[in-house]
Amino acid sequence: MQIWQMEMSLQALNDRSKNTMAEFLNIEFVEIGDDFLVARMPVNERTIQPVGIMHGGASCVLAETVGSTAANCVVDINKQYCVGLDINTNHIRSIREGYVFGKAKSFHIGRTTQVWGIEIINEKKQLISVTRLTMAVLTREPAK
């Protein structure tokens, strides 16, 4: 069953990232499923730490980017919007190069909160990290 409340395309999702941290880190949405969203990020000079492995914060940025985008696609964006409330990431394996892929799936979609699970894998489909992202669902103020 499809969970999305709006028409989505990869082009529209990627256009939405213009002039944001996601664009700076070259995060790109690559797949839309009925109940999941996938984005990829290169492991390069913008996403590694001084010892040459992907920075844990970069994992969190990818996870929050794909999870918060998914969260905003399951609400009526004209009436509500979602913002991060809590993020918890466990780093399983390090990576030095290539791409990582973050796949967001919902655990809970409620009226005031949402909880998303994001698994980040490498190109060999090895698990890099797991994230639980809690989103607050806020009401848009009427335009004045």
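Here's a quick tour of this protein chain, from its overall build down to a couple of side-chain details.

First off, keep in mind that this is a predicted model.

**Overall build**

The protein chain has three helices and six strands. If you start at the N terminus and walk along, the elements come in the order α-α-β-β-α-β-β-β-β. So the walk opens with two helices, and it ends on a run of four strands after the third helix.

How far does the C-alpha trace of the protein chain span along its principal axes? Roughly speaking, about 50 × 30 × 25 Å. The radius of gyration is 15 Å, which agrees with a compact globule, because a globule of 144 residues would have a value near 15 Å.

**Inside and outside**

Of the 144 residues in the protein chain, 42% are buried. On the outside, the accessible surface comes to about 8400 Å², and carbon and sulfur atoms hold 49% of that. As for what touches what, take the contacts between residues at least 6 apart in sequence: 62% of them join residues at least 24 apart.

**Charges and rings**

What about aromatic pairs, and how many does the structure hold? The count is zero. Rings do turn up in another role, though, with arginines sitting over them: R40 lies over the face of Y99, and R46 has its charged end over the ring of F24. Here are the two cases side by side.

| Charged residue | Ring | Distance from ring centre |
|---|---|---|
| R40 | Y99 | 4.1 Å |
| R46 | F24 | 4.3 Å |

How values were computed. Residues are numbered from 1 along each chain as its sequence is written. This is a predicted model: local features need pLDDT of at least 70, side-chain atom pairs count only at pLDDT 80 or more; totals for chains, interfaces and linings use all residues. Side-chain values use heavy atoms; hydrogens and water are left out. Rings of Phe, Tyr and Trp (its six-membered ring) pair if their centres lie within 6.5 Å; planes under 30 degrees apart count as stacked, over 60 as edge-to-face and the rest as tilted. A charge sits over a ring if NZ of Lys or CZ of Arg is within 6 Å of the ring centre and within 35 degrees of the ring normal. The radius of gyration is taken over C-alpha atoms; the globule rule is 2.2 Å times the number of residues to the power 0.38. Buried means under 20% relative accessible area, exposed over 50%, partly exposed in between (1.4 Å probe, protein chains only). Contact means heavy atoms within 4.5 Å. Accessible areas come from the Shrake-Rupley method with a 1.4 Å probe; for residues, only the protein chains shown count as cover.
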